[in-house]
Amino acid sequence: MVQHLEVNLEVVTQETRLIEKIKLIESVWKRILEQREEEWRQQMRPKVKYFKENREDVLSDLEFEHRTEKGAFEMFTTCPECYQCTLIAEGDYRGICSNTNCEEWFPLTACSVCGGLAIGFRWEGVVCESCEDRFNELVNQPD
């Protein structure tokens, strides 16, 4: 409430029990999000390790699958770390940057607005770059 609605709990209510409950809910939610992120990282570590050890084979398999599917999916998206179109967008190694100078990894999910590919966790309600750009254009249009 404090961050998103800019509501100061102490001003809204003098009820200390209510304030403590709200703060407890926030701390529990933060802990749940941290736990979810750590679970994702634990699942990704072996995949990242395997990818680094078998980069050429993994990319070859991805290319073969892409051709087999007749280009039905985007193989790569832009990596937010190296800004190259090298972040794997599909398959078991989804979210791993294939750029040998980068090798970072990120969670990928559906954009909350258009359903396209976005970087972040689904519970964060992330927006893709295209939707963010459109929003910024709307906001910045002269009256």
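Visitor: Which residues touch the most other members of the largest nonpolar core?

Guide: In this predicted model, that core has 14 residues, and Met-44, Phe-51, Ile-88, Tyr-93, Ile-96 and Trp-105 touch the most other members. Helices H2 (16-53) and H3 each supply at least two residues, and H2 gives the most, with 4.

Visitor: What makes this set a nonpolar core?

Guide: The name is for buried residues of kinds such as Met, Phe, Ile, Tyr and Trp, joined through side-chain atoms within 4.5 Å. In soluble globular proteins, nonpolar side chains tend to be buried together.

Visitor: Which residues does Tyr-93 touch?

Guide: Leaving out residues up to four places away in sequence, Tyr-93 touches Lys-47, Tyr-50, Phe-51, Val-58 and Ile-88. Apart from the largest core lies another, of 7 residues, including Leu-87, Cys-97, Phe-106 and Leu-108.

Visitor: How do you know that the buried residues of H3 are on the same side?

Guide: The buried residues of H3 are Arg-55, Val-58, Leu-59, Leu-62 and His-66. They cover an arc of only 95 degrees around the axis, so they are on the same side of H3. On the other side, Glu-56, Asp-61, Phe-64 and Arg-67 are exposed.

Visitor: Why is Arg-67 called exposed, and Glu-63 partly exposed?

Guide: Exposed means a relative accessible area over 50%. Arg-67 has 51%, so Arg-67 is exposed. Glu-63 has 31%, which falls between the 20% and 50% limits, so Glu-63 counts as partly exposed.

Visitor: Why is the contact between Glu-63 and Arg-67 called a salt bridge?

Guide: The closest N and O atoms of the pair are 3.5 Å apart. The limit is 4 Å, so the pair counts as a salt bridge. Being 4 residues apart in helix H3, the partners are separated by about one helical turn.

Visitor: What does the salt bridge between Lys-52 and Glu-103 tie together?

Guide: The side chains of Lys-52 and Glu-103 meet at 4.0 Å, N to O. Lys-52 lies in helix H2 and Glu-103 in the loop between strands S2 (87-88) and S3 (108-110), so the pair ties together parts that are 51 residues apart in sequence. Salt bridges that share partners join Lys-52, Arg-55 and Glu-103 into one network.

Visitor: Why are Cys-114 and Cys-131 not called a disulfide?

Guide: A disulfide needs sulfur atoms within 2.5 Å. The sulfur of Cys-114 is 3.6 Å from that of Cys-131, its closest cysteine sulfur, so the pair is too far apart for a bond. The count comes to 0 disulfides.

Notes:
Residues numbered from 1 in each chain as written. Predicted model: local features only at pLDDT ≥ 70, side-chain atom pairs only at ≥ 80, totals over all residues. Heavy atoms only, no water. Buried < 20%, exposed > 50% of the residue type's maximum accessible area, 1.4 Å probe, protein only. Arc of directions from axis to C-beta. Contact = heavy atoms within 4.5 Å.
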